[in-house]
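Reader: I have a model open on my screen and would like to walk through it with you. Could you help me find my way around?

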Amino acid sequence: MGIQEVTKTARTRLCIESGERSWLKDARYTARDIANDTLRLKQQGYNKTEIQREVDRDDFLRNNKCAVVGKALQAWDSYKELLNWWYDQDDTNVGKPSPPATDKKGAYPLVMAHSEGYRLTYNDETDRLRFRVSPKPYKKVRGHLRGRQEDLNLIEAALTEEEWSLGQAELLYRDGVYYLHVTVKTEVQVPEPEDADTLVGVDINERNIALTALNRETMDTLGTLVLDYGSVKAERQRYHTITKRCQEHGQHSIHNQLGEKEERYTEWILHRMSRVVVEFAQQFSNPVIVFEDLSGIRDAIKYGTYMNRRLHKLPFHKFEQQVRYKAMWNQIPCETVESPYNSKSCSCCGHRGYRQGRRFRCTNDSCAVQQDHADRNASVNVAWRSWAKHAGVDVESVNYRTRKTQPFVRKVSLSGSGRSVNRPSSSREIASRGVLTT
């Protein structure tokens, strides 16, 4: 894959030493007004250049304005993508997505470009990272940053090393504390997928994500892990039911609030799962993460209105994108393989079997594996297809695929609810549960 540009977000909090906190608050509320106006003008057919001219403010930095407009337009693009999906459904009488609200009253993240809206410097004497935030013209808030050491190290590297750089930052507020989320960019050397020693197959379905690591030379199973995120499906169904009732009674403001809560909850689960996948792969020698090619899956699935809505709204693509950028940051390549019959083929003999709930049953009487966890069986097939792809082997012509004795499946459930999130262990600890020790 060669040299790739990667980004990562360093999360820090502000320790304010000079300037008024009220300036930050006012700027965030002004950013909300700009975001509302941006969405309103976009609905009226204005383009980005016209919008930026219309929402210009004397009490707001022009560079910050452009960044806020860009973030608001991203929300509009997400809405249009969801709307296009809705138009493709068989039943379009209910559940139509609503455009982003243009009358929200809360604060909005203050998006800033480095050296314009904000500036970071490193002080050798105090060994601290200093910040300057410009929420309004000629008004600056100064102080130093605090946070996890790994986040501070990222920012320090971006300030002191030539191959690193700082991108946009977002100013957020929570529980009386201001936070600065800074984007850090650099370039890394990512190995080619065919040079990997370990194949990590990923099978994604509506409830589980199954991971299996295979040794490329021996095809022995090095580790296996199943992540259960059924809470996402349950929450999406709950929000869909509430949203449908709100729409029927004309309560669109409540609908918008619920949509934001659902999105935040899903984002939290996806980020946590993607970290687990990457940390699981990191424990093996020179790994590659292998996904199924799910392009066109929405056109292929025709189960009726209820099942189509459930399956089509699952964030498969977003999850894969999050894994990819986290993996690339850690110099782990990713690739995709064809997906036909991965869930219905035996990972040992290749014979076509069938699923029975979460069990895969092989119909080949001579196969040593008569049944297996269906999702783990599919993840083994995904990893095996990666080997066959680079070895030039016809998938249907080889019977022996992997060792006949598969290890016990370790399953971890990821769940959370609102601000009170269940955090029994870190993502690295979760990932380590899927590594076998012999």
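Author: Happy to! One term before we start: a nonpolar core is a set of buried Ala, Val, Leu, Ile, Met, Phe, Trp, Tyr and Cys residues joined through side-chain atoms within 4.5 Å, where buried means under 20% relative accessible area, exposed over 50% and partly exposed in between (1.4 Å probe, protein chains only). This is a predicted model, in which local features need pLDDT of at least 70 and side-chain atom pairs count only at pLDDT 80 or more, while totals for chains, interfaces and linings use all residues. Residues are numbered from 1 along each chain as its sequence is written, and side-chain values use heavy atoms, with hydrogens and water left out.

Reader: What is the mean pLDDT of the protein?

Author: pLDDT is the predictor's confidence in each residue, from 0 to 100. Here 82% of the residues reach 70 or more, and the mean is 83.

Reader: Over which residues does pLDDT stay under 50?

Author: Where pLDDT is low, the predicted coordinates should not be read in detail. The model does have 15 contacts beyond four places in sequence for this stretch (contact means heavy atoms within 4.5 Å). The stretch with pLDDT under 50 is residues 416-424.

Reader: Which helix gives the largest share of the largest nonpolar core?

Author: That core has 46 residues, and Tyr-118, Leu-120, Leu-145 and Leu-180 touch the most other members. The largest share, 7 residues, comes from helix α1 (residues 21-43).

Reader: Which residues does Leu-145 touch, not counting residues up to four places away in sequence?

Author: Leu-145 falls within strand β5 (residues 139-147); strands (E, at least two residues) and helices (H or I, at least four) are DSSP runs, numbered from the N terminus. Its contacts are Thr-12, Arg-13, Leu-14, Leu-120, Leu-129, Phe-131, Leu-152, Ile-155 and Leu-180.

Reader: Which residues stand opposite Arg-142 in β5?

Author: Two strands pair if DSSP finds at least two bridges between them. Strand β1 (residues 2-18) runs antiparallel to β5 with 6 bridges, and strand β4 (residues 128-136) runs antiparallel to β5 with 5. From β1 comes Ser-18, and from β4 the bridge partner is Arg-132.

Reader: Which residue takes a positive phi in the hairpin of β4 and β5?

Author: This hairpin has 2 residues between its strands. The phi in question is near 65°, and the residue is Tyr-138.

Reader: Which strands stand at the edges of the open sheet of 3 strands?

Author: The order is β13-β14-β15, with antiparallel pairing. Each edge strand has a single partner strand, so one side of each is left without a neighbour in the sheet. The edge strands are β13 (354-356) and β15 (371-373).

Reader: What angle does helix α10 make with β15?

Author: Helix α10 (residues 374-391) packs on the sheet and touches β13, β14 and β15. Axes are lines fitted to C-alpha atoms, for helices over the stretch in contact, and angles run from 0 to 180 degrees between N-to-C directions. The angle with β15 is about 90°.

Reader: Is Gln-322 buried or exposed?

Author: Gln-322 lies in helix α9 (residues 316-329). Leaving aside neighbours within four places in sequence, Gln-322 is in contact with Glu-267, Leu-270, His-271 and Ser-274. Because its relative accessibility is 6%, Gln-322 counts as buried.
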